[in-house]
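User: Please take a close look at the charged side chains in this model and at what surrounds them. A connected account that then sets this part in the context of the whole chain would be welcome.

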Amino acid sequence: MVERNILQLNELLPNTNNEDLLSSLQQMKEILQQPNLDTKAFKKSFNAFADNIYYVDTDRANAYLGGGATPGSTQSIAYLLRNDVLTGVEDMRAEVSYLIRELDKGGKIGQDDLVLDDLSEMIKMAKEGMIKYLDVVPPKELEAARAKFRS
C-alpha cells in the first residue's frame, strides 16, 4: 500500500502549469493523509515483515513495539531505508501543505520563491528508498506481503 501511494504521488507530481497544480497538490495531500501513512501505522506495516527490534534502554526503546531482538546488519539497513521513506513522506506532507497554502494566497510557481524542486526531490528519495527497501526483503516475504494487500 505504501509503495502504491508513493507511485501515485510520483504520477501526480505536477508540472509548472498553475491551472492544474492546485488540484494535483490537493490530491497529493489526500494521499499523504491516508491512515497507512501515519507514522505509527507506517512503522507497524513495515515491521509486520521484519524482526521486532527492541531495546531495554529507554533512550533507544522502540515506542511502537515490546519485546524483540537485536538487529542484524541486513535488518539495520532495512530499518534505515524504512526511516528514509518515512522521512520523505513526512517532508512531502509538510511541503504539499505549504505549497497549497501559498497558492491559496495567490502565489505562483516560478515566482514568490515557489518551486516544485524540493517536492520532486522528496518524491524521488522516497521512491528510491522504497525500491531499495524492497530489494532487501526476501522474495517470498515480499510476495506474501503483496498478496495480502491485493486481497
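Analyst: **Lys105 and its surroundings**

Lys105 has a relative accessible area of 63%, so this residue counts as exposed (over 50% is exposed, under 20% is buried, and values in between are partly exposed, with a 1.4 Å probe and protein chains only). The model is a predicted one, in which local features need pLDDT of at least 70 and side-chain atom pairs count only at pLDDT 80 or more, whereas totals for chains, interfaces and linings use all residues. Residues are numbered from 1 along each chain as its sequence is written, and side-chain values rest on heavy atoms, with hydrogens and water left out.

The partner of Lys105 is Glu102: the two form a salt bridge, and their closest N and O atoms lie 3.2 Å apart (the criterion is a side-chain nitrogen of Lys or Arg within 4 Å of a carboxyl oxygen of Asp or Glu). Side chains of opposite charge can pair when their charged atoms come close. The count of salt bridges by this rule is 1.

Glu102 belongs to helix α4 (helices are DSSP runs of H or I with at least four residues, strands are runs of E with at least two, and both are numbered from the N terminus). If residues up to four places away in sequence are set aside, Glu102 touches Gly107 and Leu114 (a contact means heavy atoms within 4.5 Å). Leu114 is 12 residues from Glu102 along the chain, and their C-alpha atoms are separated by 8.0 Å. Just after α4, Gly106 adopts a positive phi of about 100°.

The helix that carries Glu102 can be followed further. With 32 residues, α4 reaches 47 Å from its first C-alpha to its last, close to the 46 Å expected at 1.5 Å a residue (the expected span is 1.5 Å times one less than the number of residues). The largest nonpolar core has 34 residues, and Val2, Leu25, Met28, Phe42, Met92 and Leu119 have the most contacts inside it (such a core is a set of buried Ala, Val, Leu, Ile, Met, Phe, Trp, Tyr and Cys residues joined through side-chain atoms within 4.5 Å). Two or more residues of this core come from each of α1, α2 (18-32), α3 (39-47), α4 (73-104) and α5. The most, 10 residues, come from α4.

Leu119 shows how α5 takes part. Apart from neighbours within four places in sequence, Leu119 is in contact with Leu13, Leu25, Met28, Met92, Glu95, Val96 and Leu99. Leu119 is also one of the buried residues of α5, together with Met122, Ile123, Ala126, Gly129, Met130, Tyr133 and Leu134. Viewed down the axis of α5, these buried residues fall within an arc of 130°, so they line one face of the helix (the arc is taken over the directions from the helix axis to the C-beta atoms). The face turned away from that buried side carries the exposed Asp117 and Asp135. Asp118, also in α5, counts as partly exposed because its relative accessibility is 45%. Its C-alpha lies 8.8 Å from that of Met92, 26 residues away along the chain.

In α1 (residues 2-12), Val2, Asn5, Ile6, Leu9 and Leu12 are buried. They cover an arc of only 125° around the axis, which puts them on the same side of α1.

Gln33 sits in the loop between α2 and α3 and, at 52% relative accessibility, counts as exposed. The C-alpha atoms of Gln33 and Arg93 are 7.9 Å apart, although 60 residues separate them along the chain.

For the chain as a whole, there are 6 helices and 0 strands. Of the 151 residues, 33% count as buried. Among contacts between residues at least 6 apart in sequence, 63% join residues at least 24 apart. The mean pLDDT is 80, and 75% of the residues reach 70 or more (pLDDT is the predictor's confidence in each residue, from 0 to 100). Among the elements, α5 has the highest mean pLDDT (91), and helix α6 (residues 139-150) the lowest (73).
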